[in-house]
Amino acid sequence: MDCIFCKIIAGEIPSTKVYEDETCLAFRDIHPQAPVHILLIPKQHIPSLREITPENAPIAAHLLAVIPQIAQAEGLDNGFRVISNVGEDAAQTVKHLHFHILGGKKMGEQMA
Ligand code: AMP
Ligand code: ZN
């Protein structure tokens with residue numbers, strides 16, 4: 001499958017890893033939009049949040065449970081923002097579910 005995040009999981013494309021377990025991987029975004037900009041992805045190829053079902057929801061729940069651990073390890077004690085782009089209107093460019101974890105600066109109130 002021609003998916004860059006699956007290739008990162010397979011080690012075929014290098015990444016700056018910040019967290020890994022048997023279910024998920026987190027690494028630094030190659031084009032950071034904040035001082036801390038991390039991508040958290042499931043190791044299973046799920047195209048986006050749109051494909052979350054009762055069957056695979058435990059994977060999504062696991063990702064959510066890992067987010068505060070990553071935020072704490074990155075020192076984001078003053079807050080952070082989590083974004084997951086889904087589909088065309090949200091300008092999703094990589095069709096493998098990912099959460100952007102953004103922090104390290106005071107962000108604007110506007111989200112879109
Ligand atoms: P999205 O627009 O939500 O699909 O976000 C995809 C993100 O993946 C963008 O912020 C890109 O900068 C990031 N990205 C693309 N390729 C890589 C890569 N090889 N390593 C790290 N981040 C990447
Ligand atoms: Zn993938």
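Helices and strands are DSSP runs, numbered from the N terminus. In this predicted model, the largest share of the shell around ligand 1, three residues, is supplied by α1. Ligand 1 occupies the largest pocket, and the protein buries 84% of the 510 Å² that the ligand exposes when taken alone.

**Shell around ligand 1**

- The ligand is surrounded by 16 residues, of which D29, N85, T93, H98 and H100 come nearest.
- Sorted by class, this shell holds eight nonpolar, six polar and two charged residues.
- At least two shell residues come from each of α1 (4-10) and β2 (24-28).

**Polar contacts of ligand 1**

- H100 places a polar side-chain atom 2.8 Å from an oxygen atom of ligand 1.
- The backbone of I30 has an N or O atom 3.1 Å from a nitrogen atom of the ligand.
- A polar backbone atom of A91 is found 3.3 Å from an oxygen atom of ligand 1.
- Each of these pairs can be read against the cut-off for a polar contact, which is a pair of N or O atoms within 3.5 Å.

**Largest pocket**

- The pocket in which ligand 1 sits has a volume of about 490 Å³.
- Its lining comprises 23 residues, and F5, D29, I30, L39 and V94 are the closest to the pocket centre.
- α1, β2 and β3 (36-42) each contribute at least two residues to the lining of the largest pocket.
- α1 gives the largest share of this lining, three residues, just as α1 gives the largest share of the ligand shell.
- The lining of the largest pocket divides into 11 nonpolar, 10 polar and two charged residues.
- D29 is among the residues that come nearest to ligand 1 and is also one of those closest to the centre of the largest pocket.
- I30, whose backbone approaches a ligand nitrogen at 3.1 Å, likewise belongs to the group closest to the pocket centre.

**Second largest pocket**

- The second largest pocket has a volume of about 150 Å³.
- Q33, A34, H37, I83, N85, H100, L102, K105 and M107 form the lining of the second largest pocket.
- By class, that lining consists of four nonpolar, four polar and one charged residues.
- N85 and H100 are included in the lining of the second largest pocket, and both are among the residues that come nearest to ligand 1.

Conventions. Residues numbered from 1 in each chain as written. Chains lettered and ligands numbered in written order. Predicted model: local features only at pLDDT ≥ 70, side-chain atom pairs only at ≥ 80, totals over all residues. Heavy atoms only, no water. Near = heavy atom within 4 Å. Polar contact = N/O pair within 3.5 Å; in protein donor to acceptor, adjacent residues only side chain to side chain. Areas by Shrake-Rupley, 256 points an atom, 1.4 Å probe, with all protein chains shown as cover. 1 Å grid on protein atoms, 1.4 Å probe; cavity = no way out; pocket = protein on both sides within 12 Å on 5 of 7 lines; lining within 4 Å. Sits in = over half its atoms within 2 Å of the grid points. Helix = DSSP H or I, 4+ residues; strand = E, 2+ residues; numbered from the N terminus. Nonpolar A, V, L, I, M, F, W, Y, C, P; charged D, E, K, R; others polar. Points joined across faces, edges and corners; volume = space filled by probe spheres on them.
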